[in-house]
Amino acid sequence: MEQYTVTGMSCAACSARVEKAVSAVPGVTSVSNSAFLNCTALRRVTLPEGLTRIDKYAFEGCAALTEIALPDGLTSIGDSAFCACAALQTIALPQSLTSLGESAFERCAALTELTLPEGLTRIGDWAFSECTALTGIAVPASVTEIGYAAFSFCPALRAITVAAENPSYSSDALGVLFDKEKTTLIAAPGSLHGNYDVPAGVTTIDYAAFAFCKELTMLTIPVSVTNILSEAFDYCDALRGIFVAEGNAYYSSDASGVLFNKTQTDLIRCPGGYLGDYTAPDTVTHVKAYAFDHCGRLTTVTLPASL
């Protein structure tokens, strides 16, 4: 096997030259921005002891990468460092790691498992978004920051579990992720199935919180919810109804389980598993963007003249 040794981890021509494997000599302390960006034939990387930082885009788009050895002492993995490494199935994160950047492992479609180390404090926005084979995430007690949509669009995810000692986050018995006080529902695991009752006390359902929960069939929203962010229920193909408690001051639903604002002037979301014809109430004056997106079994929609 042809193998390359590099002394300064920045290689502008690597996409044309590196074909199979890379090892780095001792003394290298960082992998520079975009060092191996789109090295599509690169399969294996060994990084040396003494390395402390992998910068942004360092291995983004290395579609054939299956093995990378990360040394003890590594503290930071930058934004999009391993984004779209589509063949990467597992990776051992060292105990020294404290920060995962934005989109660090986004679109790693073959990644099935990894262990977040004790000592990790930050998980950036979109860090594991669209990791479609990922089955589980355990958030250690040390994590104090989980960014926007960090675990979104992960349909195989069975649970997001949080260490009980974590001061910032928590999870319920079904592996749904919340802030510590359980006022914000951050993310549901993609394998969540059947009926789910959003707990009383939740005020915010976060962006894409239930996205790709393809086996979720019914959702109930309590009186406490005041804010539902965009794409919260996208790609929920089996979802037959979103039902809001009558006392909720901000949202409501009709008998078909379609979600509205309180006065039912804004039609917010038709559940993705709605089957058959639908007639919107006469009160509707506005249909929100993507309100009927991915409603594959919806046959016809009748809207009122008030629109």
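**Close-up views of pockets, cavities and cysteines**

**Figure 1. The largest pocket of the predicted model has a volume of about 280 Å³.** Of the 14 residues lining this pocket, Leu229, Ser230, Glu231, Ile268 and Ala289 are the closest to its centre. By class, the pocket lining comprises nine nonpolar residues, one polar residue and four charged residues.

**Figure 2. The largest cavity encloses a volume of about 50 Å³.** Two cavities of 30 Å³ or more are found when the whole structure is searched. The lining of the largest one is formed by Ala149, Ala150, Phe151 and Ser152, together with Ile186 and Ala187, and with Asp206, Tyr207 and Ala208. Seven of these lining residues are nonpolar, one is polar and one is charged.

**Figure 3. The second largest cavity holds about 40 Å³ of space.** Its lining consists of Phe151, Ser152, Phe153 and Cys154, of Ala187, Ala188 and Gly190, and of Ala208, Ala209 and Ala211. Phe151, Ser152, Ala187 and Ala208 of this lining also belong to the lining of the largest cavity. The residues around the second largest cavity divide into eight nonpolar and two polar, with no charged residue.

**Figure 4. Cysteine 85 is shown with cysteine 62, which carries the closest cysteine sulfur.** The two sulfur atoms are 5.1 Å apart, too far for a bond. A disulfide would require the sulfur atoms to lie within 2.5 Å, so cysteine 85 is not paired with cysteine 62 in the model. Cysteine 85 has 0% relative accessibility and therefore counts as buried.

**Figure 5. Cysteine 213 is shown with cysteine 236, the residue with the closest cysteine sulfur.** Here the separation between the sulfur atoms is 5.3 Å, which is again too far for a bond. Cysteine 213 likewise counts as buried, because its relative accessibility is 0%. For the structure, the count of disulfides comes to zero.

**Figure 6. The chain that frames these close-up views contains one helix and 26 strands.** Its C-alpha atoms fill a box of roughly 70 × 40 × 25 Å along the principal axes. Of the 307 residues, 50% count as buried. The accessible surface of the chain comes to about 12800 Å², and carbon and sulfur atoms account for 51% of this area. Among contacts between residues at least 6 apart in sequence, 26% join residues at least 24 apart.

How values were computed:
Residues are numbered from 1 along each chain as its sequence is written. This is a predicted model: local features need pLDDT of at least 70, side-chain atom pairs count only at pLDDT 80 or more; totals for chains, interfaces and linings use all residues. Side-chain values use heavy atoms; hydrogens and water are left out. On a 1 Å grid over the protein atoms alone, a cavity is a set of points where a 1.4 Å probe fits but cannot get out, and a pocket is an open set with protein on both sides within 12 Å along at least five of seven lines; lining residues have an atom within 4 Å of a point. Grid points are joined across faces, edges and corners, and a volume is the space filled by probe spheres set on the points. Ala, Val, Leu, Ile, Met, Phe, Trp, Tyr, Cys and Pro count as nonpolar, Asp, Glu, Lys and Arg as charged, and the others, Gly among them, as polar. Buried means under 20% relative accessible area, exposed over 50%, partly exposed in between (1.4 Å probe, protein chains only). Helices (H or I, at least four residues) and strands (E, at least two) are DSSP runs, numbered from the N terminus. Contact means heavy atoms within 4.5 Å. Accessible areas come from the Shrake-Rupley method with a 1.4 Å probe; for residues, only the protein chains shown count as cover.
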